[in-house]
Amino acid sequence: MSSTELPPALAATVAPRVGAVRVADGEQLRSVALSGLTLSVRARPPAREGLPSALYVHGLGGSSQNWSDLMPLLEDVVDGEAVDLPGFGDSPPPDDGDYSVTGHARAVIRYLDAQERGPVHLFGNSLGGAVATRVAAVRPDLVRTLTLISPALPELRVQRGAVPTALLALPGVSLLFTRMTRDWTAEQRVHGVMQLCYGDPGRVTAEGFRAAVEEMERRLRLPYFWDAMARSARGIVNAYTLGGQHGLWRQAERVLAPTQLIYGGRDQLVAYRMAQRAARAFRDSRLLTLPDAGHVAMMEYPEAVAKAFRELLAETDGQAYVSAGS
């Protein structure tokens, strides 16, 4: 067993049905059974046939819903799908209980191989950014371009806002936290998450907040919710400690795909100062910094993220998709 892998989870691997997952207008949700895991995949029908494929990978505690604002802005240039990583969104835990960065990357690779969708335009946010980096490094044949939004790459000085995530990775802490916060309402939890993840929580609409509360209520009824969170957090911490060819920075240097990096100036989880290091690490990179954005720029400033991708696409494919509806 490698240092990025964890012992099998004790939680059941069959997801109980605790309520319907929200599906926005124009979206479709389906379940895909693979060897050792089942993934929930959110998609929007492309504007026309023959568009290149795209895959969106969310961060820790997130889901495919995190991409619902960005996906319609790009449906005229890509055939986009967003995956729920194992144990998150509507995807049940993996059979082997592996929530490491390598385990999540393996799930993405299995999906792409099974669906024969590669090479894809691969998007990743936070944990999903680390996962996407690993996928692009070990399977360059599957990745056409790479767009990373606040990717969770190792930092020597961890952001203060990221400390609770690191603590969650410690054995027993998730159980303790569950007990300490059992009286917290879903509204209080969502408010805390938005304060941490958004540069300006005031940008969240009342409808968006209600949808997030409903999703939080649904997740809290899942018996494996905290286990998936704790083990995935532990997976990030373990990935940060790896050196040599398996280190994330070393793998970033191996990425061949043209890469768009997006960092937020008000990000409390991934340091803004890491943007320049990332731009140097990825050999074919472009950097967009959004001074007012937090950790989830695709949710706060989807138009800016879409514009950056269109420019990347125009540069790499020679297609002038600069404005929506081109």
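The exercises below, each with a worked solution, concern a predicted model.

**Exercise 1. The two helices**

Describe how helix α1 and helix α2 pack, and sort the residues of their contact by character.

Solution. Begin with the geometry: helix α1, which spans residues 101-115, packs against helix α2, residues 127-138, at an angle of about 65°, and their axes lie 9 Å apart. The hand of this crossing is right-handed. Next, turn to the residues that meet, where α1 contributes V101, T102, H104, A105, V108 and I109, while α2 contributes L127, A130, V131, R134, V135 and V138. Sorting these residues of the contact gives nine nonpolar, two polar and one charged.

**Exercise 2. Helix α1 along its length**

Compare the span of α1 with the expected one, and state which of its residues are buried and what follows just after the helix.

Solution. Helix α1 has 15 residues, and the distance from its first C-alpha to its last is 21 Å, which is close to the 21 Å expected at 1.5 Å a residue. The buried residues of α1 are then read off as V101, T102, G103, H104, A105, A107, V108, I109, Y111 and L112. Finally, at the position just after α1, E116 takes a positive phi of about 55°.

**Exercise 3. Strand β2 and its partners**

Work out how strand β2 pairs with β1 and with β4, and how far β2 is covered.

Solution. Take β1 as the starting point: this strand, residues 28-34, runs antiparallel to β2 and is joined to β2 by seven bridges. One pair to locate in the structure is A33, whose bridge partner in β2 is T38. The hairpin of β1 and β2 has two residues between the strands, and G36 in this hairpin takes a positive phi near 85°. Then consider strand β4, residues 79-84, which pairs with β2 in the antiparallel sense over four bridges; here V41 stands opposite V83 in β4. As for covering, β2, residues 37-43, is mostly covered, since six of its seven residues are buried.

**Exercise 4. The surroundings of T147**

Decide whether T147 is buried or exposed, and list what T147 touches beyond its sequence neighbours.

Solution. First place the residue, which is in strand β6, residues 143-149. The relative accessible area of T147 is 0%, and because buried means under 20%, T147 counts as buried. Then, leaving aside residues up to four places away in sequence, the residues that T147 touches are L122, F123, G124, Q260, I262, F309 and L312.

Note on methods. Residues numbered from 1 in each chain as written. Predicted model: local features only at pLDDT ≥ 70, side-chain atom pairs only at ≥ 80, totals over all residues. Heavy atoms only, no water. Axes fitted to C-alpha atoms, helices over the stretch in contact; angles between N-to-C directions. Left-handed = near helix turned anticlockwise from the far one by under 90°. Contact = heavy atoms within 4.5 Å. Nonpolar A, V, L, I, M, F, W, Y, C, P; charged D, E, K, R; others polar. Buried < 20%, exposed > 50% of the residue type's maximum accessible area, 1.4 Å probe, protein only. Pairing = 2+ DSSP bridges. Expected span 1.5 Å × (residues − 1).
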